[in-house]
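Good morning, and thank you for coming. Please look at the structure as it comes up on the screen, and we shall go through its sheets and helices together.

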Amino acid sequence: MREKALKYHAEFGGKLAVTVKTKCENADDLSLAYSPGVAEPCKEIHADEKNSFRYTNRCNLVGVISNGTAVLGLGDIGAAASKPVMEGKAVLFKKFGGVDAYDVEINEKDPKKLVEIIKAIAPTFGGINLEDIKAPECFEVEAALQDIGIPVMHDDQHGTAIITTAGLLNAVELSGKKLDEIKVVVSGSGAAGIGCARMYRAVGVKNIVMLDSKGVIFVGRNDLTKEKAEFAVETEARTLADALKDADMFLGLSKGGVMNAEMVKSMASGAIIFALANPEPEIRPEVAKAVREEIIIGTGRSDYANQVNNVLCFPFLFRGALDAGATCINEEMKIAAAKALAELAKEPVPEEVSRLYGRELKFGPDYIIPTPFDPRLFEKVSGAVREAWLAGK
């Protein structure tokens with residue numbers, strides 16, 4: 001894999017290139033593309049900046065922006081080293097959502113300075129996807145960019161939240177449970193963990209127990225960030241094993257192997273497990289299923305059922321936001337995306353999609369969220385997001 005990956009990235013000098021959409025084949029074309037013709041759209045935009053979405057590629061351009069402080073499973077590797085990941089994100093925007101995207105790596109760790117830089121370059125883009133910025137700074141950065149007039153989203157917070165919410169909605173339906181009655185345990189209190197827990201609350205979950213590297217986040221701990229403090233609860237539980245007793249759902253966004261078979265046994269019947277640490281999940285599906293056959297389990301890996309992959313979300317979320325002319329990505333749009341994913345999983349799957357995965361894909365415990373290569377995602381999710389924005393105007 002190492003040799004193949006290095007060759008893949010080196011063969012063409014990275015994964016992205018710039019293409020020209022308009023004709024530029026003669027002197028007349030050149031005069032339109034640049035001087036003197038280019039002055040006309042400049043004047044229109046100067047008169048009304050909204051015209052930049054008509055006369056430039058802002059209408060379909062997302063900036064994938066990172067400072068490289070929390071990259072995949074690699075941690076703080078710096079802006080330059082994060083570039084392959086950000087280029088990859090841009091590839092997925094184009095492949096799945098038809099969205100032009102370009103990566104911008106910023107060598108700045110101070111969140112206030114980072115915000116200033118992003119605001120300064122924002123006129124280039126129609127939307128901004130923040131990526132791999134460490135917590136808790138990522139919360140501050142995203143919040144400070146909500147008033148710049150274009151959709152801004154930190155995918156690490158909200159992408160996983162949207163997809164696992166879709167899975168949760170369907171798992172609860174299959175198990176006959178109710179959102180306001182279930183107990184959810186979240187292992188990991190970084191950007192994704194906080195984002196997921198907030199969204200679960202938004203759809204009706206009331207009982208959430210969160211853990212960080214020191215254990216359960218309980219009322220009385222004096223070492224909590226304000227984001228963690230949102231989820232401090234009155235409980236005697238202090239460890240993951242304590243918290244998982246009678247839990248209906250486990251969400252793992254921590255590290256491989258932290259959950260064992262005994263913990264699975266202690267959970268409520270019909271439990272759901274999203275073990276999303278990569279490449280090694282918190283518990284392997286075969287280990288969990290060996291002790292509780294009825295559980296519903298998903299991972300971040302493509303070699304198991306119910307893969308939680310953010311590509312199910314961000315290309316279509318931004319596609320819908322751009323098409324709607326949205327000035328932000330609000331909670332209603334995120335929930336609409338989650339519900340659209342949940343509903344799509346219940347529909348008959350095209351034969352060609354099942355063929356790609358070598359098995360029949362049918363709504364049930366092993367198929368509660370769609371697969372990334374389902375072509376219906378484009379219309380279903382982006383359409384739901386677009387409608388959610390327009391309905392709120």
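Helix α7, residues 137-144, lies across β3 (127-130) and β4. Its direction runs at about 170° to that of β4. Helix α8 packs on this sheet as well, touching β3 and β4, but the direction of α8 makes about 80° with that of β4. Please keep in mind throughout that this is a predicted model.

Let us now consider the sheet beneath these helices. It is an open sheet of 4 strands, in the order β2-β1-β3-β4, and the pairing is parallel. Why is one side of β2 and of β4 left without a neighbour in the sheet? The reason is that β2 and β4 (152-154) stand at the edges, and each therefore has a single partner strand. On average, neighbouring strands of this sheet are turned by 20° against each other, direction ignored. As a general point, strands of a sheet pair through backbone hydrogen bonds, either parallel or antiparallel. Here, strand β1 (residues 61-66) pairs with β2 in the parallel sense, over 6 bridges. One position to find on the screen is Ser66, whose bridge partner in β2 is Glu105.

I turn to the other sheet. In this open sheet, 6 strands follow the order β7-β6-β5-β8-β9-β10, and their pairing is mixed. The edge strands are β7 (215-216) and β10 (296-299), each of which pairs on one side only.

Strand β5 deserves some attention. How many of its residues are buried? The count is 5 of 5, so to be read with a cut-off in mind: buried means under 20% relative accessible area. Both faces of β5 are covered, with Lys183, Val185 and Ser187 on one side and Val184 and Val186 on the other. The strand runs parallel to β6, to which 5 bridges join it, and Val184 stands opposite Ile208 in β6. From β5 the chain crosses through α9 to β6, and this β-α-β crossover is right-handed.

Strand β5 (residues 183-187) also pairs with strand β8 (residues 249-252), again in the parallel sense, over 4 bridges. In β8, Phe250 stands opposite Val185, and Gly252 stands opposite Ser187. Helix α9 (residues 191-202) packs on the sheet here, where it touches β5, β6 (207-212) and β8. The direction of α9 makes about 175° with that of β6.

We now move to β9 and β10. These strands run parallel and are joined by 4 bridges; Ala275 has Thr299 in β10 as its bridge partner. Together with helix α13 (residues 285-291), β9 and β10 make a right-handed β-α-β unit. In β10, Ile296 and Gly298 point one way, Ile297 and Thr299 point the other way, and all are buried. Helix α8 appears again at this point: α8 (residues 155-175) lies across β8, β9 (272-275) and β10, running at about 160° to β9. Helix α8 thus touches strands of this sheet and also β3 and β4 of the sheet discussed earlier.

Finally, I would like to show a pocket. The second largest pocket holds about 860 Å³ of space. Which residues of its lining are the closest to its centre? Of the 26 residues that line this pocket, they are Val18, Thr19, Val20, Lys21 and Asn57. The elements that give two or more residues to the lining are α2 (27-33), α3 (39-47), α5 (79-97) and β2 (100-105). Strand β2 therefore has two places in our account: it lines this pocket, and it stands at an edge of its sheet.

Notes. Residues numbered from 1 in each chain as written. Predicted model: local features only at pLDDT ≥ 70, side-chain atom pairs only at ≥ 80, totals over all residues. Heavy atoms only, no water. Pairing = 2+ DSSP bridges. Contact = heavy atoms within 4.5 Å. Axes fitted to C-alpha atoms, helices over the stretch in contact; angles between N-to-C directions. Buried < 20%, exposed > 50% of the residue type's maximum accessible area, 1.4 Å probe, protein only. Right-handed = clockwise from strand over helix to strand, strands pointing away. 1 Å grid on protein atoms, 1.4 Å probe; cavity = no way out; pocket = protein on both sides within 12 Å on 5 of 7 lines; lining within 4 Å. Points joined across faces, edges and corners; volume = space filled by probe spheres on them.
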